[in-house]
Amino acid sequence: MFAGVAVAVGVGGFVANKVIKKKSPPADIIDGKAIAATIRLEIKEAVNAMQAKYKKAPGLAVVIVGERKDSQTYVRMKRKACAEAGIVSFDKDMPASSTQEEVLQAVKDFNANPNVHGILVQLPLPKHIDEQTILEAISLSKDVDGFHPLNIGALAMKGRDPLFVPCTPKGCIELLDRSNVEIKGKIAAVVGRSNIVGMPAAMLLQKRDATVTIVHSRTPGAESIVKKADIIIAAAGSAEMVKGSWVKSGAVVIDVGTNSVDDATKKTGYRLVGDCAFEEVKFVASKITPVPGGVGPMTIAMLLKNCLEGAQRMYAP
Ligand SMILES: Nc1nc2c(c(=O)[nH]1)N[C@@H](CN(C=O)c1ccc(C(=O)N[C@@H](CCC(=O)O)C(=O)O)cc1)CN2
């Protein structure tokens, strides 16, 4: 943000009023990587305690269908995080040619396995498989992604709580809480309305007594709506869409986007950017998450947390 400051400037005995544009100091960075690391240690301790008490470790089934590079990276990260936390991962890697029946069977087998407390099917699935059918086949009590319609339905209802909350929106709220950002009574804008992030994030904010508007690709005057918000969750999947001019001075900005843009200066040929124009927004917001290193690591930490909670419910209901 630029604040206009009127100062008296003396030039050779002549004093004139001049407006100097002074840049606000940059926002505090909400370090999702560090917060996620702390949470993962907390989970590891809780897993050790569960081992000591029940002689059981939480088990997470991770199903991946196909060879998408990004999905393989995320699944590798999830399995590594499980191993570090003492959570046993049950791996099911299926070729892209797998039929819907075969994927359904994998889910049913994990539903029936008492050592599996959480089942995650990495999205997106190949086009010939109906995602919704697969997600609805996951046992409610093992739905660690929180994508089952009954879990989503409970999230939408006043006075009801789902068994599991989707990991990325849960991570956004955890980032706000651990950064001492008050949610109650605040105006919030969620940019994006996906089932995985935007819509559940809006419901979570509302459950915490924020007044929430969801802004999407068909919203007229999106900028002026976002500009009223004290808390912005940007989850549109559109690189650097939220500009500095969209953000109210002092707002808290949680950027969920991970968009890769070409960058010839990088060894990889690309770099990751969020849904916010970070270099502009950081001079307007009071707190902001970076990309990478903001919400992404929290998605995995929350997956572990959901799996632990699922196992705890089974052994100590
Ligand atoms: N079954 C699910 N599928 C998908 C989900 C999900 O929650 N459940 N979310 C996304 C992808 N995702 C997890 O699966 C995910 C995305 C990003 C990150 C992350 O840590 N990103 C890093 C950058 C990593 C990189 O360099 O590529 C960051 O932001 O710092 C973790 C998990 C879609 N599918």
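**A walk from two helices to the ligand**

Let's begin with a pair of helices: helix 1 (residues 32-54) and helix 2 (residues 69-85) pack with their axes 8 Å apart, at an angle of about 50°. Helix 1 and helix 2 are therefore oblique to each other. Please keep in mind as you look around that this is a predicted model.

Which residues make the contact between these helices? On the side of helix 1 they are Arg40, Ile43, Lys44 and Val47, and they meet Ala81, Glu84 and Ala85 in helix 2. Sorted by class, the contact of helix 1 with helix 2 holds four nonpolar and three charged residues, with no polar ones.

From here, turn to the sheet. It is an open sheet made by three strands in the order 5-4-6, and the pairing is parallel. Strand 5 (88-94) and strand 6 (118-121) are the edge strands, each of them pairing on one side only. On average, neighbouring strands of this sheet are turned by 15° against each other, with direction ignored.

To see how the strands line up, follow strand 4 (residues 59-65), which runs parallel to strand 5 and is joined to it by seven bridges. If you would like a pair to find on screen, try Leu60, whose bridge partner in strand 5 is Ser89.

Helix 2 now comes back into view, since it packs on the sheet and touches strand 4 and strand 5. The direction of helix 2 makes about 165° with that of strand 4. An angle over 145 degrees counts as roughly antiparallel, so helix 2 and strand 4 are roughly antiparallel. Another helix to look for is helix 3 (residues 100-112), which lies across strand 4, strand 5 and strand 6. Helix 3 runs at about 165° to strand 5.

The last stop is the ligand. How many residues surround it? There are 19, and the closest are Tyr74, Leu123, Pro292, Gly296 and Thr299. Some elements you have already met return here: helix 2 and strand 6, along with helix 6 (167-178) and helix 10 (295-315), are the elements that give two or more residues to the shell around the ligand. Helix 10 supplies the largest share of this shell, four residues. By class, the shell around the ligand has eleven nonpolar residues, seven polar and one charged.

Where does the ligand lie with respect to the domains? Domain 1 (56-164) and domain 2 (165-297) both give residues to the shell around the ligand, so the ligand lies between them.

Key. Residues numbered from 1 in each chain as written. Predicted model: local features only at pLDDT ≥ 70, side-chain atom pairs only at ≥ 80, totals over all residues. Axes fitted to C-alpha atoms, helices over the stretch in contact; angles between N-to-C directions. Parallel < 35°, antiparallel > 145°, perpendicular 65-115°, else oblique. Contact = placed C-beta atoms within 7 Å. Nonpolar A, V, L, I, M, F, W, Y, C, P; charged D, E, K, R; others polar. Pairing = 2+ DSSP bridges. Near = placed C-beta within 6 Å. Domains from an automatic or database assignment.
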